[in-house]
Amino acid sequence: MCGIIGYVGSKEATPILLEGLKKLEYRGYDSSGVGVCSAKDGKIAIRKAQGKIRHLEELIKSHAIPHSTVGISHTRWATHGAPSHRNSHPHCNVKQTIAVVHNGIIENYQEIKQELQKKGIKFSSETDTEVIAHLVSQYFHGDLIKAVQKAIGRVRGAFAIGVISSATPNLLVAARVGSPLIIGIGKGENFIASDVPAILDKTKRVIYLKDGEMAALTANDVKIWKFDGKPVTPKIDTITFTVGSAQKEGYPHFMLKEIHEQPNVLAQMMKVRTKGNNVILDGIGLSDNQLKSIKNIYIVACGTAYHAGMVGKYVIEKLSGIPVTVDAASEFRYREPILQKGTLIVSVSQSGETADTLAAVRDARARGAKAITICNAVGSSLVRESDGVLYTHAGPEIGVASTKAYTAQIGMFYLFALKLGELRKKLSDAERQKILKELKHIPTLFKTILKDKDHVAQIAKKKFRFGCFLFLGRNVNYPSALEGALKLKEISYIPAEGYAAGEMKHGPIALIDEYRAVVCIAPQSDVYEKMISNIQEIRARKGKITAIATQGDTNIKKHADYVIYIPKTNPLLTPLLVALPLQLIAYYIAVNLGCDVDQPRNLAKSVTVE
Ligand code: M6R
């Protein structure tokens with residue numbers, strides 16, 4: 001989704017803005033732009049370019065931008081109007097004395113636009129954002145803060161905005177509802193940004209602006225108010241992750257780096273979340289008695305987080321006996337799920353800003369349900385709008401394709417299920433301790449899989465020309481099949497389907513011929529024999545099989561063209577292990593195809609609109 005960075009200080013603004021924009025590239029975008037206050041002609045100087053940020057840099061090289069120490073910039077992910085120069089941000093009022101960058105959607109922009117057009121205002125873009133610039137201009141009589149306050153009082157929807165005016169060239173005004181915005185506190189300089197990585201090399205002191213708050217930034221001061229004008233004393237947080245964690249550190253792509261971070265992420269989680277044989281769920285916001293009396297659980301999430309939730313369903317039901325329904329958040333919010341006393345909502349999200357997941361949680365809580373979130377982004381909207389949080393603390397995930405956040409979400413589900421199983425006495429102490437011990441050993445097994453990544457790279461080299469992939473799994477690895485297919489399609493653009501292997505005969509088998517690449521997830525488990533039968537059926541129809549199997553299973557070599565081995569573990573924990581080869585398959589195939597692995601086309605890291 002769109003990215004915002006704004007600067008006010010004593011340094012040249014443009015290079016800082018461009019640098020910050022590059023760090024937000026992972027969010028996904030199709031054009032970018034910069035606006036700075038120019039002392040020269042009393043106007044805001046604007047440069048915009050379609051495509052990559054380097055196009056904007058080239059433009060600024062050929063059409064120099066005036067010196068300025070205050071400015072705003074933006075990467076746009078098109079919603080209203082095509083990706084084009086005219087629709088790129090910043091957007092200005094007619095005199096080009098006020099400029100706005102915006103992330104989100106203004107729902108009532110049509111009616112405001114008509115009203116402004118009737119007054120003779122000419123619009124120069126198709127965006128919803130432009131109405132904000134004109135509204136601020138209408139209300140501006142020398143006080144930018146007041147003008148912004150009045151303008152945002154008129155708009156409905158979700159927004160994070162940054163506004164500058166050439167009449168107040170030392171001031172940057174920001175506001176948010178729905179879309180994330182942080183303020184970075186520097187020394188003699190201050191920033192606004194959509195996300196922490198944009199400013200991490202400048203400052204680690206941040207304020208997470210809350211919904212319904214606006215801010216005024218000068219070089220040496222930050223003031224915050226609620227939209228109604230009531231002053232707010234901000235809480236300044238210190239970011240604990242390092243600049244290195246938001247950089248590639250020698251890896252060719254963030255995705256590969258993040259795949260390799262998985263052993264550490266899970267090991268950290270086990271260290272922090274367990275004490276001896278006990279699971280610690282600090283932050284969950286529910287007492288043991290409340291956890292004991294849960295009647296049913298709805299897991300709501302989108303995309304990869306939804307697949308993690310599907311694994312969560314299998315695990316919670318098996319270890320605690322509590323019935324679980326998993327819903328795509330976009331479906332949950334528009335149906336009428338039966339919420340009763342004792343229903344718990346568990347949302348899952350890397351960003352904590354996914355619009356549908358947020359709306360699902362809001363709806364459920366408004367109807368009286370308790371909601372906790374399994375979330376990676378500290379202080380995000382989902383966290384603030386839930387009764388409790390289980391942070392995954394996977395560190396910043398920059399690659400658009402989720403990897404370490406996924407295994408961290410699954411890891412948290414195991415811990416949560418173990419706790420529920422203990423409280424509800426579904427598990428004996430011995431069983432619980434055995435699973436926990438095996439779970440703690442997974443980071444070591446992750447490392448074993450990663451050591452063998454060249455083998456996966458070789459297989460990918462043989463497979464990347466296939467035009468269609470099928471991923472099959474059963475039971476707890478059915479969600480793994482869905483996730484394997486999602487990973488491949490999002491970064492390589494190869495059509496891929498994930499299926500429960502038992503569903504093969506009910507349709508997908510019609511796809512199988514010698515041109516079909518099939519990935520069969522077949523670790524040792526109760527359903528292993530069934531998977532082998534499915535594999536034979538595919539083999540009989542000449543499908544090209546890559547199997548993911550347990551180390552020592554030589555039998556499977558007879559049935560598959562290629563085998564990727566994972567170490568032996570408790571079958572219930574295998575979704576963690578199989579995730580890594582699936583991520584690597586997708587990664588190496590996409591690399592072979594020359595795709596932009598970290599920023600796949602059309603995708604955004606954080607989907608803050610519906
Ligand atoms: O930030 P979230 O975890 O809520 O995001 C949910 C999905 O948008 C996300 O998982 C998406 O499917 C990823 N691109 C998958 O790799």
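Start with the shell around the ligand. Its largest share comes from α9, which gives three residues. This is a predicted model, so keep that in mind throughout, because local features here need pLDDT of at least 70.

Which elements give two or more residues to that shell? They are α9, residues 303-320, and α16, residues 478-492. In total, 14 residues surround the ligand. The closest are Ser 349, Gln 350, Ser 351, Thr 354 and Glu 490.

Now the chemistry of the shell. Seven of its residues are polar, five are nonpolar and two are charged.

On to the polar contacts. How far is the side chain of Ser 349 from an oxygen atom of the ligand? An N or O atom of that side chain sits 2.6 Å from the oxygen. Gln 350 uses its backbone: a polar atom there is 2.6 Å from a ligand oxygen. Then Lys 487. A polar atom of its side chain lies 2.9 Å from an oxygen atom of the ligand.

What about burial? Taken alone, the ligand exposes 410 Å². The protein buries 91% of that area. And where does the ligand sit? In the second largest pocket.

Next, aromatics. The structure holds six aromatic pairs. One of them joins Tyr 298 and Phe 332. Their geometry is edge-to-face, with 5.5 Å centre to centre and 65° between the planes. The edge-to-face label applies because the planes are over 60 degrees apart. This pair links distant parts of the chain. Tyr 298 belongs to strand β18, residues 296-301. Phe 332 belongs to helix α10, residues 329-332. The two are 34 residues apart.

Last topic: backbone geometry. There are two spots to look at on screen.

First spot: which residues does a cis peptide bond join? His 89 and Pro 90, with omega at about 5°. Pro 90 is in the loop between β4, residues 70-76, and β5, residues 91-92.

Second spot: Gln 96. Its phi is positive, about 60°, although Gln 96 is not a glycine. This residue is found in the loop between β5 and β6, where β6 covers residues 98-106.

To recap the ligand site: 14 residues around the ligand, 91% of its exposed area buried by the protein, and α9 giving the largest share of the shell.

Conventions. Residues are numbered from 1 along each chain as its sequence is written. This is a predicted model: local features need pLDDT of at least 70, side-chain atom pairs count only at pLDDT 80 or more; totals for chains, interfaces and linings use all residues. Side-chain values use heavy atoms; hydrogens and water are left out. A residue is near a molecule or strand if one of its heavy atoms lies within 4 Å of it. A polar contact is a pair of N or O atoms within 3.5 Å; within protein, one must be able to donate a hydrogen and the other to accept it, and residues adjacent in sequence count only if both atoms are side-chain atoms. Accessible areas come from the Shrake-Rupley method with a 1.4 Å probe; for residues, only the protein chains shown count as cover. On a 1 Å grid over the protein atoms alone, a cavity is a set of points where a 1.4 Å probe fits but cannot get out, and a pocket is an open set with protein on both sides within 12 Å along at least five of seven lines; lining residues have an atom within 4 Å of a point. A molecule sits in a cavity or pocket if more than half of its atoms lie within 2 Å of its grid points. Helices (H or I, at least four residues) and strands (E, at least two) are DSSP runs, numbered from the N terminus. Ala, Val, Leu, Ile, Met, Phe, Trp, Tyr, Cys and Pro count as nonpolar, Asp, Glu, Lys and Arg as charged, and the others, Gly among them, as polar. Rings of Phe, Tyr and Trp (its six-membered ring) pair if their centres lie within 6.5 Å; planes under 30 degrees apart count as stacked, over 60 as edge-to-face and the rest as tilted.
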